Amino acid sequence: QVQLVESGGGLVQAGGSLRLSCVASGRTFSTYIIVWFRQAPGKERDFVARISMSGGTTYYADSVKGRFTISRDNAKNTGYLQMNSLKPEDTAVYYCAAASSWYPGKLMDYWGKGTLVTVSS
């Protein structure tokens, strides 16, 4: 079993930056991919970014390409989401999730409880 705890959310002005962290515990961190999702008020939870077990492969939603960077430090059991050039439409609760494998349609095995990011105009 893996436990995930997100942190780093807060209030930021449009054009600003935030760095989210996802600290994992409970099992070997490097055997799980890390995926970030977000959910805006009244909307469904959407995919944001994904990173492979080694950190060598990343994938981003079109809405955040060029602005967000996903990374991980397996020695620290931590995943990160660096968010730059933030826009009001980025406002959402951001969730870290983990899975022991990935394929299209794969459900996440573990979820954090989320951290709120609010971007003001």
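**Exercise 1.** In this predicted model, find which residue of strand 3 stands opposite L4, and place the two strands in their sheet.

*Solution.* Start with the pair itself: L4 stands opposite A24 in strand 3. Next, take the strands. Strand 1 runs over 3–7, and strand 3 covers residues 18–25. The two pair in the antiparallel sense, over five bridges. Now widen the view to the sheet, which is open and has four strands in the order 1-3-8-7, with antiparallel pairing. Strand 1 and strand 7 (68–73) are its edge strands, each pairing on one side only. From one strand to the next, the twist averages 15°.

**Exercise 2.** Decide whether T115 is buried or exposed, and describe its surroundings.

*Solution.* First locate T115: it lies in strand 11, residues 115–120. The relative accessibility of T115 is 10%. Buried means under 20%, so T115 counts as buried. Then list the contacts. Beyond its neighbours within four places in sequence, T115 touches E6, S7, G8, G9, L20, A92, V93 and Y94. With G9 there is also a specific approach: the T115 side chain reaches the backbone nitrogen of G9 at 3.1 Å.

**Exercise 3.** For N77 and S85, state which loop holds each residue and how exposed each one is.

*Solution.* N77 sits in the loop between strand 7 and strand 8 (78–83). Its phi is positive, about 55°, although N77 is not a glycine. With a relative accessible area of 30%, N77 is partly exposed. S85 belongs to the loop between strand 8 and strand 9 (92–99). S85 is not a glycine either, yet has a positive phi of about 50°. At 43% relative accessibility, S85 is partly exposed.

Definitions and conventions. Residues are numbered from 1 along each chain as its sequence is written. This is a predicted model: local features need pLDDT of at least 70, side-chain atom pairs count only at pLDDT 80 or more; totals for chains, interfaces and linings use all residues. Side-chain values use heavy atoms; hydrogens and water are left out. Buried means under 20% relative accessible area, exposed over 50%, partly exposed in between (1.4 Å probe, protein chains only). A polar contact is a pair of N or O atoms within 3.5 Å; within protein, one must be able to donate a hydrogen and the other to accept it, and residues adjacent in sequence count only if both atoms are side-chain atoms. Contact means heavy atoms within 4.5 Å. Two strands pair if DSSP finds at least two bridges between them. Axes are lines fitted to C-alpha atoms, for helices over the stretch in contact, and angles run from 0 to 180 degrees between N-to-C directions.
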